[in-house]
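Welcome, and please get your viewer ready. We will go from the whole chain to a few chosen spots, with something to select at each stop.

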Amino acid sequence: MTEHRSLPLHSLNHVSRETRDVDRLRDFYITVLGFRPAVRPNFSFKGHWLLLPHGYYLEDETWHLTKEGRPPGGALLMHIIQKDEQENLPEGPINTDSSYPDRPKAILRGHHLAFRTERMDDVEKILTERGIQFGKSIVPNTSVRQFFFFDPDTEMSKGPIRSLCPLKEIPTLSVGIIGGSLTGLTAALSLERLGVDCRVYERARESKRRGGGGIGVQDVTREDVDEALLPMRVQEEIDRNGRMIRQIPVPMWSAYWQDIDDLLLRNVKEDKVEYMHELIGLNQLENGKVELEFKSGEKREHDAVLACDGGASLVRDLMFPEHLMRFSGYVAWRGTVKTGSLSQSIMRHFCSEFSRNTLSFKISGRQHAVIYYLPPGDIINWIVYLPESEEKYVHRKEAASGMTKDATDEEIQQFLSQVKEVFSQSSLPDIIQSTDKPYKNMIYDSEPLPHLHKGKVLLMGDAAHYSTPHLVKGSNMAIQDGYWISEILERLLSHPHLSREEGLIERWFRIFEERRKRTTEDTVKLGKTRQGLMKEQKEDWDLNCTAKEFTDMAGDERANEE
Ligand SMILES: Cc1cc2nc3c(=O)[nH]c(=O)nc-3n(C[C@H](O)[C@H](O)[C@H](O)COP(=O)(O)OP(=O)(O)OC[C@H]3O[C@@H](n4cnc5c(N)ncnc54)[C@H](O)[C@@H]3O)c2cc1C
């Protein structure tokens, strides 16, 4: 007897309930059982898709919590389906002659169990090998194929009907990501959720890097890092005499850069990130792959490469060697201090100047300071911007060598005396004096690039659009890039006409560029105009202009782009 293979099932996909009143059943499951609505394709008949109240789905051997909205590929769903009055399933005896195999639609709308597979072509082969008859269909506006067939009980008389409903077909795609910081980790996380095989190469020795201060996080960026945030509700600008210039709402959160990095890393599968892998070169090979070359001499090949290697990107340099970075002419001194380490009198003075849940700007002519609290609410984050020298354009190597500097004791003393002079009435000098190891960032940004991609290599995050920090946007743009990259791929894959064409990767990167280049370039430009604060002739903010800029920039970038 010939031995047949069994079907390559991945997981249970959905359970269907057929009813004459789909809305009534939906309301019951939502209100009584706590199910949540999910987005449903535009079928020709009425129905609803519901997610389990605290549903988990299995993806790559890991359970993930489902979220409201569009269900992820592996989510277990409940389908509520308008009863087809033409059919009599399953209450009455099943007439297999009439509905099977030529009329799979009847099964689609009857009670059924659905399973998911990622090896669709094997399914068809195995069913054929086994001599099991089946019907096929495609979910509207997607490339999702479905196979329908009965189990033996059903064929004999009444009973459960089994149908096979594979959800996503992800092509085998291997993506190499250079840089394991915010952009690289978010991209890895979101692509992993799609089932794409990615590997992150990071030059740092280990994951537990210490570094960074506070960052501002926008609403659209919160998704995976919510637990590390503290709300900021208002932006206040105060002049050197303590006079309030203006207050505007800023729906924003503060976070430790390190906490965000840690959270992302915790969610990305650990073995996906390879430390001590410093890229030194890459080649686009004739076989269509991209070869990566590391300092250790090791080489790897991938179908596509995402360059998330930061502001002084080597990959950007390899792609566009003529590109220069702009040194803004000023520096940012930064630090964090625990409120518990401050004396009561310093704290009293500080609280009289700066409020909680507030992004405070202290402005004094060509200098200004930014102050806000960090989670859990007992850490003060401060940044002081000071002019340093002339604006100049430099090669990335020069920029890379001095972007973040540990300051010498002498430099710190010099900085402190400047602060005492500029912010003489403020608590800032005391706060800074109480800070352990303040450090110095040279402020750079990058000019627009001709393209964000070349062949199968794409620049993302700071590598693509390095910005001055004044719009509190660098990390947000980085994380949003990480989400966009998978969102675009998902849309491409679920569009049958597009996904079957050649050049999926080039198309993927081109659409990313169309989506992200202009928005991020505009942000970099706007960040540059904010530098006006540093220039002699602009003693104060251009209030009307900056208010509009801020309203524009605080908006939901994704929503604007839809
Ligand atoms: C340690 C650190 C602290 C920061 N602190 C703050 C902060 O407090 N506030 C703020 O607003 N922004 C901060 N930033 C910058 C801000 O986070 C960036 O806007 C944002 O991180 C951009 O993310 P990115 O992933 O594009 O680039 P980056 O965060 O710069 O990450 C680039 C990554 O690529 C790696 N890399 C670079 N070259 C190579 C190579 N050749 N091979 C392999 N790996 C490579 C780097 O080690 C790094 O991990 C910080 C960045 C870093 C790295």
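A residue counts as buried here when its relative accessible area is under 20%. With that cut-off, buried residues make up 56% of the 562 residues in the protein chain. Keep in mind that you are looking at a predicted model.

**The whole chain**

Start with a cartoon view of everything. The secondary structure comes to 17 helices and 29 strands. Among contacts with a separation of 6 or more, 71% are between residues 24 or more positions apart.

**A six-stranded sheet**

Next, look for the open sheet of six strands, whose order is 16-12-11-20-29-28 and whose pairing is mixed. Please colour residues 273-274 and 453-454: these are strand 16 and strand 28, which stand at the edges with a single partner strand each, so one side of each has no neighbour in the sheet. Helix 6 packs on this sheet, where it touches strand 11 (174-178), strand 12 (197-201), strand 16 and strand 20. The direction of helix 6 makes about 165° with that of strand 12.

Within the sheet, select residues 304-307 and 457-459. These are strand 20 and strand 29, which run parallel and are joined by three bridges. Show Ala307 as sticks and you will find Leu459 of strand 29 opposite.

**Ala188, in helix 6**

Now pick Ala188, which lies in helix 6. Is Ala188 buried or exposed? Its relative accessibility is 1%, so Ala188 counts as buried, the cut-off being under 20%. Display what surrounds Ala188: apart from neighbours within four places in sequence, Ala188 is in contact with Ile177, Cys198, Val200 and Val268. Then draw a distance from the C-alpha of Ala188 to that of Gly482; the two are 7.6 Å apart in space, with their positions 294 residues apart in sequence.

**Helix 6 against helix 7**

Stay with helix 6 (residues 182-194) and add helix 7 (residues 257-267). The two axes come within 9 Å and cross at roughly 30°. Because of that angle, helix 6 is roughly parallel to helix 7. The crossing of helix 6 and helix 7 is left-handed.

For the side chains, show Leu182, Leu185, Thr186, Leu189 and Glu192 on helix 6; these meet Trp257, Ile260, Asp261, Leu264, Leu265 and Asn267 on helix 7. Colouring this contact by residue class gives seven nonpolar, two polar and two charged residues.

**A three-stranded sheet**

For the last stop, move along the chain to strands 17, 18 and 19. They form an open sheet in the order 17-18-19, with antiparallel pairing. Which strands stand at the edges? Strand 17 and strand 19 (299-302) do, each with a single partner strand, so one side of each is left without a neighbour in the sheet. On average, neighbouring strands of this sheet are turned by 20° against each other, direction ignored.

Take the pairs one at a time. Strand 17 (residues 279-284) and strand 18 (residues 290-294) run antiparallel and are joined by five bridges. Click on Gln284, and its bridge partner in strand 18 is Val290. Between these two strands of the hairpin are five residues, and Gly288 takes a positive phi near 90°.

On the other side, strand 18 pairs with strand 19 in the antiparallel sense over four bridges. Select Glu293 to finish: its bridge partner in strand 19 is Lys299.

How values were computed: Residues are numbered from 1 along each chain as its sequence is written. This is a predicted model: local features need pLDDT of at least 70, side-chain atom pairs count only at pLDDT 80 or more; totals for chains, interfaces and linings use all residues. Side-chain values use heavy atoms; hydrogens and water are left out. Two strands pair if DSSP finds at least two bridges between them. Axes are lines fitted to C-alpha atoms, for helices over the stretch in contact, and angles run from 0 to 180 degrees between N-to-C directions. Angles under 35 degrees count as roughly parallel, over 145 as roughly antiparallel, 65 to 115 as roughly perpendicular and the rest as oblique. A crossing is left-handed if the near helix is turned anticlockwise from the far one by less than a right angle, and right-handed if clockwise. Contact means heavy atoms within 4.5 Å. Ala, Val, Leu, Ile, Met, Phe, Trp, Tyr, Cys and Pro count as nonpolar, Asp, Glu, Lys and Arg as charged, and the others, Gly among them, as polar. Buried means under 20% relative accessible area, exposed over 50%, partly exposed in between (1.4 Å probe, protein chains only).
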